Amino acid sequence: MSQTTKRQRLVIMGAAGRDFHNFNQVYRDNPDVEVIAFTATQIAGIANRRYPPSLAGKLYPEGIPIVEESELETLNPEQVIFAYSDIAHTELMHIASRVLAMGADFTLLGATKTMLSAQIPTIAVSAVRTGCGKSQTTRWISKRLREWGLKVAVIRHPMPYGDLEKQVVQCFTTHEDLATANCTIEEREEYEPHLAIGNRVYAGVDYGKIIALAEQEVDIILWDGGNNDFPFIKPDLHIVLVDPLRPGDETTHHPGESVLRMADLVIIPKVDVAAIADVQKVRENIREINPEVKILMGYSPIELDDPEAVRDRCVLVVEDGPTTTHGGMSYGAGYIAATRANVAEIVDPRDYAVPEIAAVYELYPHIGKILPAMGYFPAQLAALETTINRTPADLVISATPIDLASLIKVNKPIIRARYEFAEGEDPGLGDYLKQFLTSILP
């Protein structure tokens, strides 16, 4: 590019994950463009930072500001790159309309342009919505791969909500690693269950470096996706989950519909709790947009640690945060476990929520009589603790995948509800994986 040529002004719209990856892959060293800002949404407290110079590269000696998405119109970009996930198609086009009205171009980068290639086999687990059951399925697959003698690296979709320079490459093997990295509740929800079964988890900001590290240590990569995004790594096998508790969502959210169209294998989990008609509807929707894809059924059994402890008691239900916020679910596994256990009452926490938690209910009015496990920053975690303590219940049923009692001090017992993937038919996922491994491994 000539030194006199003006660089095109770009803004990348994100939520501290896909946005940074797209920048690293496509724009960091591109002399034809100037990324003037990232915008941030979905996650509280991730704006008003800078993408640091050490990550932004030589073209950005002062780094790149990260501002609230509401400030988009003040930035005067020539092009806007959309780079976050689990957003309704209609809402996405409303954002596009804002951008076009400003006179800027609106761009969605394709999957192949942003995917990295690994030197070892890669299995990716994605979904059409947040909360379909990716993590449980990923854990189930990891156990089978290890049983078959393979060293596995779980590479997790990014959640760099803290000090970005310290989060360039992260590797977690123990719970102490999580504390050292000051992981949020949302990060712990994804990492802790993997660590509990002996998995090594990689995450961070620069996935080129992350993959290079993993390649030196393992035989196979297992991509554990976030939200309904497509993988950062080109998969040799792409497994996609749908949700029969949300029939119709297969084609209503971005980029979930694209992910489903890309799938090599689709799993319909939760068939043990979903209505038969809804399972059939989901199957029909899959066939309409990906006619040749293999479809497997799966169970999502829910178990309470102590069912008798909650019988005929008044309980507060705490659910996984992202599933019940931008994932769109009004309740989750904890609520199901409570109703099955014949509790006397599920207490509505909305009447006792402190302002930080009340703001979550206001932002996501679909949430029902449950408390989402929010903890993106210390004040929010403290607000969660206070709300639990203020709610007049005998005990808490917690369906967040983490040990909540280890992070906050509450005035009532916590009974955990756990849920994992289980095969729903024979032959099932294990047989499919064996066939796949036979085809790619020497």
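Helices here are DSSP runs of H or I with at least four residues, and strands are runs of E with at least two, numbered from the N terminus. The model you have open is a predicted one.

**Exercise 1. Find the helices that line the largest pocket, and describe the lining.**

Solution.
- Start with the space itself: the largest pocket holds about 490 Å³.
- Next, look around its centre. Of 24 lining residues, Ala181, Asn182, Cys183, Thr184 and Glu187 lie nearest to that point.
- Now assign elements. At least two lining residues come from each of α6 (175-180), α7 (185-196) and α15 (378-390). With three residues, α7 gives the most.
- Finish with the chemistry: the lining contains twelve nonpolar, eight polar and four charged residues.

**Exercise 2. Do the same for the second largest pocket, and say which element gives the most to its lining.**

Solution.
- The volume of this pocket is about 390 Å³.
- Its lining has 20 residues, and closest to the centre are Arg139, Pro193, Arg418, Tyr419 and Glu420.
- Two or more residues come from each of α5 (134-147), α7 and β22 (414-419). The top contributor is β22, with four.
- Sorted by class, the lining residues are ten nonpolar, two polar and eight charged.
- A nice link between the exercises: α7 supplies residues to the largest pocket and also to the second largest.

**Exercise 3. Work out the strand order of the six-stranded open sheet, and name its edge strands.**

Solution.
- Recall the principle: strands of a sheet pair through backbone hydrogen bonds, either parallel or antiparallel.
- Begin with β1 (residues 8-14), which runs parallel to β2 and is joined to it by seven bridges. Within this pair, Ile12 stands opposite Phe38 of β2.
- Step on from β2 (residues 33-40) to β4 (residues 64-68): they pair in the parallel sense over three bridges, and Thr39 has Val67 as its bridge partner.
- From β4, move to β3 (residues 49-51), where three bridges make an antiparallel pair. Here Arg49 is partnered by Ile66.
- Put together, the full order reads β3-β4-β2-β1-β5-β7, with mixed pairing. The edges are β3 and β7 (105-108), each pairing on one side only. From one strand to the next, the twist averages 30°.

**Exercise 4. Place helices α1 and α3 against this sheet.**

Solution.
- Take α1 (residues 18-27): it lies across β1, β2, β3, β4 and β5 (79-82), at about 170° to β2.
- Then take α3 (residues 89-101): it lies across β1, β5 and β7, at about 145° to β7.
- Compare the two lists: β1 and β5 appear under α1 and again under α3.

Notes:
Residues are numbered from 1 along each chain as its sequence is written. This is a predicted model: local features need pLDDT of at least 70, side-chain atom pairs count only at pLDDT 80 or more; totals for chains, interfaces and linings use all residues. Side-chain values use heavy atoms; hydrogens and water are left out. On a 1 Å grid over the protein atoms alone, a cavity is a set of points where a 1.4 Å probe fits but cannot get out, and a pocket is an open set with protein on both sides within 12 Å along at least five of seven lines; lining residues have an atom within 4 Å of a point. Grid points are joined across faces, edges and corners, and a volume is the space filled by probe spheres set on the points. Ala, Val, Leu, Ile, Met, Phe, Trp, Tyr, Cys and Pro count as nonpolar, Asp, Glu, Lys and Arg as charged, and the others, Gly among them, as polar. Two strands pair if DSSP finds at least two bridges between them. Axes are lines fitted to C-alpha atoms, for helices over the stretch in contact, and angles run from 0 to 180 degrees between N-to-C directions. Contact means heavy atoms within 4.5 Å.
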